[in-house]
Amino acid sequence: MPADIEPFDLTVPDAVLDDLKERLGRTRWPDQIPDTGWDYGTNLAYLQDLCAYWADGYDWRSQEARLKTWDHFRTEMDGTNVHFLHAPSPVEGARPLLLSHGWPGSIVEFLHVIDPLRDPEAHGGDPADAFHVVAPSLPGYGWSGPTVERGWDPRRIAAAFVELMARLGYDGYLAQGGDWGSMITTQIGLQDPDHCAGIHLNMLIAIPGGDDELTEAEQQAMTDAMTIMTDGAGYQQIQGTRPQTLSYGLTDSPAGLCGWIAEKFHAWTDNDGTIESAVARDDLLTNVTTYWVTGTINSSTRLYYEAMKSGLFGLQGGRVEVPTAGAVFPKEILRASRRFAERQYHITHWSEFDRGGHFAALEEPDLLVGDLRSFNRTLPASA
């Protein structure tokens with residue numbers, strides 16, 4: 001590793017875990033109107049059960065060991081720390097792959113895809129499909145730690161990730177992302193076309209024009225998106241305007257933090273009414289615990305504020321000319337159609353799946369891995 005990249009130990013002190021358990025045991029629970037389920041937000045009975053398991057059944061140390069399967073590093077980029085997981089492939093000539101997560105996610109989203117991507121032969125695949133995997137924690141998220149100044153919007157994060165790949169000596173690479181990772185990956189395609197061989201997005205943002213006649217599927221996608229914007233986007237306004245005010249409760253109360261994040265997993269996954277039908281309970285709690293033990297829920301939500309202030313929330317400006325793949329999952333919060341995507345991106349690969357939601361790498365890792373492999377096969381071989 002270059003001298004400016006240092007190994008990083010993500011071991012959490014026992015005192016932090018003891019404090020977490022003690023706080024969960026002292027939770028002051030609110031009331032809930034009977035028989036209202038999730039109508040008003042996170043269901044009380046569900047959250048009480050989840051937090052009881054978090055305190056007395058969930059084992060962070062086993063999940064920490066799982067994360068430590070791969071090497072972790074940290075480096076300084078433009079005045080802030082960037083943590084990243086690095087999982088090189090045993091296959092010579094594998095293409096580097098940069099994975100960017102979103103909110104309320106973390107590198108935990110990628111736990112089920114890293115090994116199949118880096119060593120496909122060990123998972124019943126073709127070694128020719130191997131990748132060198134790089135998965136950073138976004139600035140302000142997880143083990144990157146809090147940002148300490150204004151301005152960390154998607155464009156600036158993308159520039160840091162471009163520099164990260166250069167520091168690692170990866171002259172050519174593929175980039176993938178969903179949620180904020182989609183916007184950041186789009187910026188990477190705009191900023192670094194000489195080194196980024198292509199981008200793969202599982203929440204591609206593209207909207208129709210005023211004169212477009214919509215197909216039945218396009219109309220349904222727009223209706224679903226508008227429903228989310230009117231009935232499920234209050235968090236965006238809070239995090240985009242007053243994240244500091246919100247942070248006091250979420251930073252002090254693990255139950256509050258868990259309730260805030262769990263509601264999004266309930267709303268955005270392809271589930272049967274329970275989060276666990278789409279995402280394993282331990283995966284959900286490992287993601288939540290990552291926010292808790294690193295103290296980064298406040299700085300993570302600031303990304304909404306920064307993006308709204310810079311005008312980089314949603315469409316990013318400029319047409320992306322590098323080869324682009326769109327992977328559309330039926331319960332994604334924004335589902336683009338190919339014809340609208342082609343106005344903003346050089347679409348060379350397009351997939352629409354019959355299952356899966358917003359957290360594709362956690363919900364349907366096999367589909368996401370397979371689509372990345374298929375897209376990569378369409379690109380010129382890496383140098």
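Strand β8 and strand β9 (residues 345-352) run parallel and are joined by seven bridges. This pairing belongs to a predicted model. One of its bridges sets P323 opposite H346 in β9.

**Around β8**

β8 also pairs with strand β7 (residues 196-201). Three bridges join these two strands, and they run parallel. In this pairing, I199 has T324 of β8 as its bridge partner. How enclosed is β8 by the rest of the structure? Seven of its nine residues are buried, so β8 is largely enclosed.

T324 turns up again in the surroundings of L204. Leave aside the neighbours within four places in sequence, and L204 is in contact with S182, T324, G326, A336, A341, Y345, I347 and W350. L204 also has a place in the largest nonpolar core, which holds 106 residues. W54, L117, W180, I188 and L204 touch the most other members of that core. A general tendency fits here: in soluble globular proteins, nonpolar side chains tend to be buried together.

Next comes S337. It is found in the loop between β8 (320-328) and α13 (338-344). Is S337 buried or exposed? Its relative accessibility is 12%, so S337 counts as buried; the cut-off for buried is under 20%. S337 touches E218 and W350, not counting residues up to four places away in sequence. With E218 there is also a polar contact, side chain to side chain, at 3.0 Å.

**Strands β1 to β5**

Another set of pairings links β1, β2, β3, β4 and β5. The table lists them with one bridge pair each.

| Strands | Direction | Bridges | One bridge pair |
|---|---|---|---|
| β1 (residues 5-7) and β2 (residues 71-77) | antiparallel | three | E6 and R74 |
| β2 and β3 (residues 80-87) | antiparallel | seven | M77 and T80 |
| β3 and β5 | antiparallel | four | A87 and V133 |
| β4 (residues 95-100) and β5 | parallel | four | R95 and F131 |

β2 and β3 form a hairpin. Two residues lie between the strands. D78, in the turn, has a positive phi of about 50°.

T80 lies in strand β3. In the bridge to β2, its partner is M77. T80 is buried, with a relative accessible area of 5%. Not counting residues up to four places away in sequence, T80 touches T75, P139, P146, T147 and W152.

β5 pairs with both β3 and β4. How many of the six residues of β5 (residues 131-136) are buried? Six of the six are, so β5 is largely enclosed by the rest of the structure. In a regular strand the side chains alternate between the two faces of the sheet. In β5, F131, V133 and A135 point one way. H132, V134 and P136 point the other way. Residues on both sides of β5 are buried.

**Helix α1**

Helix α1 covers residues 14-25, twelve residues in total. From first C-alpha to last, α1 reaches 17 Å. That is close to the 16 Å expected at 1.5 Å a residue. Which residues of α1 are buried? They are L17, L20 and L24. Seen down the helix axis, these buried residues fall within an arc of 55°, so they line one face of α1. On the other side, D14, A15, D18 and G25 are exposed.

What do the buried residues of α1 pack against? Their partners are α2 (44-56), α3 (60-67), α10 (254-268) and α11 (281-294).

**A loop glycine**

G172 lies in the loop between α5 (154-167) and β6 (173-177). Its relative accessibility is 29%, so G172 counts as partly exposed. Leaving aside neighbours within four places in sequence, G172 is in contact with P96 and H195. P30 is a contrasting case: its C-alpha atom is separated from that of G172 by 52 Å. Along the chain, G172 and P30 are 142 residues apart.

Conventions
Residues numbered from 1 in each chain as written. Predicted model: local features only at pLDDT ≥ 70, side-chain atom pairs only at ≥ 80, totals over all residues. Heavy atoms only, no water. Expected span 1.5 Å × (residues − 1). Buried < 20%, exposed > 50% of the residue type's maximum accessible area, 1.4 Å probe, protein only. Arc of directions from axis to C-beta. Contact = heavy atoms within 4.5 Å. Polar contact = N/O pair within 3.5 Å; in protein donor to acceptor, adjacent residues only side chain to side chain. Pairing = 2+ DSSP bridges. Core = buried A, V, L, I, M, F, W, Y, C linked by side-chain atoms within 4.5 Å.
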